Amino acid sequence: MSLGKWRLTRGHRRKGRAVGRWWAGAIVLVLLILFSLPSFWRWVAPFPYRESICAQAERVGLDPCLVAAVIRVESGFVPGAESPQGARGLMQLMPETGRWVAARLGMAFDPAYLFDPHYNLRLGTWYLAHLLQEFDGNLVAALAAYNGGWGHVHEWLKQHQWSG
């Protein structure tokens with residue numbers, strides 16, 4: 001018997017395909033189970049301050065994932081972040097904006113408070129929800145205003161420099 005050329009009979013080929021399909025099906029089933037577990041997503045895509053983000057987002061009617069996305073882009077979840085322009089904290093609020101929002105919420109204000117994650121989230125989520133109302137639910141315009149100032153976005157829209 002020569003070991004050089006080993007030939008599988010038809011029966012072996014069919015059996016190999018069946019076993020291969022079984023393994024593929026088992027892998028798909030395991031992946032479906034994993035993807036359905038919240039703990040899997042916390043491990044794959046963790047986001048700090050989850051409880052505070054969810055609570056503050058719910059308070060003002062925002063999707064917590066939107067708030068987490070804004071935080072990811074603005075500060076990378078670093079509560080002590082400060083931009084070159086002076087925006088502070090998780091949601092990168094400018095002190096003037098923080099003062100304005102705090103006054104509307106009847107809260108005490110000090111620019112240093114913006115580095116406190118829970119305080120920053122309270123003000124930032126309220127402000128983002130306010131911008132969504134200001135721009136009639138237009139998320140693109142609200143996010144542009146959040147980043148660049150609502151006055152600028154209103155001006156761009158008024159002068160037809162941007163359609164939002």
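Where does Gln92 lie? Gln92 sits in the loop between α4 and α5, and we will come back to this residue in point 7. Here are my notes on the model, which is a predicted one.

1. **Overall make-up.** The chain is helical, with 8 helices and 0 strands. Reading from the N terminus, the order is simply α-α-α-α-α-α-α-α. Of the 164 residues in the chain, 30% are buried. If you take contacts between residues at least 6 apart in sequence, 40% of them join residues at least 24 apart. The exposed area of the chain is about 11,000 Å², and carbon and sulfur atoms supply 60% of that area.

2. **The nonpolar core.** The largest nonpolar core holds 31 residues, and those with the most contacts inside it are Leu62, Val67, Ile71 and Tyr146. Several helices feed into this core: α3 (50-60), α4 (64-74), α5 (95-105), α6 (117-134) and α7 (139-148) each give it at least two residues. Helix α6 supplies the largest share, 8 residues. As a general background point, nonpolar side chains in soluble globular proteins tend to be buried together.

3. **Val67 as a way into the core.** If you want a residue to click on while looking at the core, try Val67, one of those with the most contacts inside it. Setting aside neighbours within four places in sequence, Val67 is in contact with Ile53, Ala57, Leu62, Met91, Leu121 and Thr125. Among these partners is Leu62, which is also listed with Val67 for the most contacts in the core.

4. **How α5 meets α6.** The axes of these two helices come within 10 Å and cross at roughly 85°. Because angles of 65 to 115 degrees count as roughly perpendicular, α5 is roughly perpendicular to α6. On the α5 side the contact uses Thr97, Gly98, Trp100, Val101, Ala102, Arg104 and Leu105, and these meet Tyr119, Arg122, Leu123, Trp126, Tyr127 and His130 of α6. By type, the residues of this contact divide into 8 nonpolar, 3 polar and 2 charged.

5. **Ala102, Tyr119 and Phe109.** These three residues are worth viewing together. Ala102 is in helix α5 and is buried, at 0% relative accessibility. Tyr119 belongs to helix α6 and is buried too, because its relative accessible area of 12% falls under the 20% cut-off. Phe109 comes from the loop between α5 and α6.
   Which residues does Ala102 touch, not counting those up to four places away in sequence? They are Met107, Ala108, Phe109, Tyr119 and Leu123. Tyr119, with its neighbours within four places left aside, is in contact with Ala102, Met107, Ala108, Phe109, Tyr113 and Leu114. Phe109 completes the picture by touching Pro95, Gly98, Arg99, Ala102, Leu114 and Tyr119, again not counting residues up to four places away.
   For distances, the C-alpha atoms of Tyr119 and Ala102 are 9.6 Å apart, with their positions 17 residues apart along the chain. Phe109 and Tyr119 are 10 residues apart along the chain, and their C-alpha atoms are separated by 9.7 Å. Ala102 and Trp126 lie 24 residues apart in sequence and 9.6 Å apart in space, C-alpha to C-alpha.

6. **A buried arginine.** Is Arg88 buried or exposed? Arg88 is buried, because its relative accessible area of 19% is under 20%. This arginine is found in the loop between α4 and α5. Leaving aside neighbours within four places in sequence, Arg88 is in contact with Ala81, Glu82, Leu93, Pro95, Pro111, Ala112, Leu114, Phe115 and Asn120. Glu82 is one of these partners, and so is Asn120.

7. **Two positive phi angles.** In general, most residues other than glycine have a negative phi. Gln92 has a positive phi of about 50° although it is not a glycine, and Gln92 is buried, with a relative accessible area of 9%. Tyr49 likewise has a positive phi, of about 65°, without being a glycine. Tyr49 lies in the loop between α2 (38-44) and α3 and is partly exposed, with a relative accessible area of 27%. Both backbones are worth a look when you next have the model open.

Terms used
Residues are numbered from 1 along each chain as its sequence is written. This is a predicted model: local features need pLDDT of at least 70, side-chain atom pairs count only at pLDDT 80 or more; totals for chains, interfaces and linings use all residues. Side-chain values use heavy atoms; hydrogens and water are left out. Helices (H or I, at least four residues) and strands (E, at least two) are DSSP runs, numbered from the N terminus. Buried means under 20% relative accessible area, exposed over 50%, partly exposed in between (1.4 Å probe, protein chains only). Contact means heavy atoms within 4.5 Å. Accessible areas come from the Shrake-Rupley method with a 1.4 Å probe; for residues, only the protein chains shown count as cover. A nonpolar core is a set of buried Ala, Val, Leu, Ile, Met, Phe, Trp, Tyr and Cys residues joined through side-chain atoms within 4.5 Å. Axes are lines fitted to C-alpha atoms, for helices over the stretch in contact, and angles run from 0 to 180 degrees between N-to-C directions. Angles under 35 degrees count as roughly parallel, over 145 as roughly antiparallel, 65 to 115 as roughly perpendicular and the rest as oblique. Ala, Val, Leu, Ile, Met, Phe, Trp, Tyr, Cys and Pro count as nonpolar, Asp, Glu, Lys and Arg as charged, and the others, Gly among them, as polar.
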